[in-house]
Amino acid sequence: MTTDTAHRVDGAAPADGTGAAWAVLLTSARYEAERLVHHDTLELSGLADADRPRPGDRVAVLVDEPPRLVALGRVTAASGQDREDPDDPLSERVEAPLVVAYTRRAFDEPVPAEAVALDGPVTALDPTVFRELADRLGPPPQRRSWLVSLDLPIEAASPAEAVRLFWAYVQELGPRELPAFVSPSGDELAMQAFVLGAEANQDPEEDD
């Protein structure tokens, strides 16, 4: 299976610099999940109401040990509570998740952020500190077209069955076990294999 992905650009952060600034700390497991599969937004739940950013606030997404900046974003939904059952006015209220729309990603090349003092999963930031973190990322890298493929040898009685088995294996194994092969469009000789979001050698002879 080979698919030439459409050209897609991350939304740019507003230039006016408005809104309060916050640091959001991801666990290592959540960081790996965000790095493996593309998401347009980051959703966080279980935050105390006093620690919740408001819509429009700017967010620096960090991962710890050591602190590194992995993304920037803007809050799109943050306050209020929702009914556990929207059709039942007597059902208990549950806290709505904090939703951050990504504006800049650096999951593959985080930048150091040791100077940021974190006191929990969400920490208020001085706007100057936020700007310094954003400046460390620099401008977004130029985007280009890539060819990404996933090939599986499958024994089946028919092409249709082979396709069904293919998708079953993809759903079961996913990006944590299946190698995906990627190359710049027009330069298939530069193909690289990736597993767990990182380059992985698939030639057993080179491991000897």
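What percentage of the 208 residues of the chain count as buried? In this predicted model, the buried share of the chain comes to 30%. The chain exposes about 13,100 Å², and carbon and sulfur atoms supply 53% of that area. Its secondary structure consists of four helices and 14 strands, and among the contacts between residues at least 6 apart in sequence, 64% join residues that are at least 24 apart.

The nonpolar interior is a useful place to begin. The largest nonpolar core has 18 residues, and those with the most contacts inside it are Val 24, Leu 26, Leu 42, Leu 44, Val 61 and Val 70. Two or more residues of this core come from each of the strands β2 (21–26), β3, β4 (58–63), β5 (68–77) and β8. Val 24 can serve as an example: leaving aside residues up to four places away in sequence, Val 24 touches Leu 42 and Leu 44, a run of residues made up of Val 59, Ala 60, Val 61 and Leu 62, and also Pro 121 and Val 122. A second core, separate from the one around Val 24, has 14 residues, among them Leu 69, Ala 106, Leu 125 and Leu 137.

From the nonpolar cores the reader can turn to the charged side chains. Side chains of opposite charge can pair when their charged atoms come close. The count of salt bridges in this model comes to three, and each can be taken in turn.

Two of these pairs involve helix α1. Glu 34 and Arg 30 meet through their side chains in a salt bridge, with 3.2 Å from N to O; because these two residues are four apart in helix α1 (residues 28–36), about one helical turn separates them. Their surroundings can be described one by one: Glu 34 is buried, with a relative accessible area of 6%, whereas Arg 30, at 26% relative accessibility, counts as partly exposed. In the other pair, Glu 32 forms a salt bridge with Arg 35, and the closest N and O atoms are 2.8 Å apart. Glu 32 and Arg 35 are three residues apart, and both lie in helix α1, where that spacing is about one turn. Glu 32 has a relative accessibility of 28% and so counts as partly exposed.

The remaining salt bridge is formed by Arg 105 and Asp 40, whose closest N and O atoms are 3.9 Å apart, which falls within the 4 Å cut-off for such a pair. Arg 105 lies in strand β8 (residues 98–105), while Asp 40 lies in the loop between α1 and β3 (41–44), so this pair ties together parts of the chain that are 65 residues apart in sequence. Arg 105 has a relative accessible area of 19%, and the residue counts as buried because the limit is under 20%. A polar atom of the Arg 105 side chain also lies 2.5 Å from the backbone oxygen of His 39.

Finally, helix α3 allows a check on geometry. At 1.5 Å a residue, the 15 residues of α3 (residues 159–173) should span 21 Å, and this agrees with the end C-alpha atoms, which are 21 Å apart. After α3 comes Gly 174, whose phi is positive, near 65°.

Definitions and conventions
Residues numbered from 1 in each chain as written. Predicted model: local features only at pLDDT ≥ 70, side-chain atom pairs only at ≥ 80, totals over all residues. Heavy atoms only, no water. Buried < 20%, exposed > 50% of the residue type's maximum accessible area, 1.4 Å probe, protein only. Polar contact = N/O pair within 3.5 Å; in protein donor to acceptor, adjacent residues only side chain to side chain. Contact = heavy atoms within 4.5 Å. Areas by Shrake-Rupley, 256 points an atom, 1.4 Å probe, with all protein chains shown as cover. Core = buried A, V, L, I, M, F, W, Y, C linked by side-chain atoms within 4.5 Å. Expected span 1.5 Å × (residues − 1).
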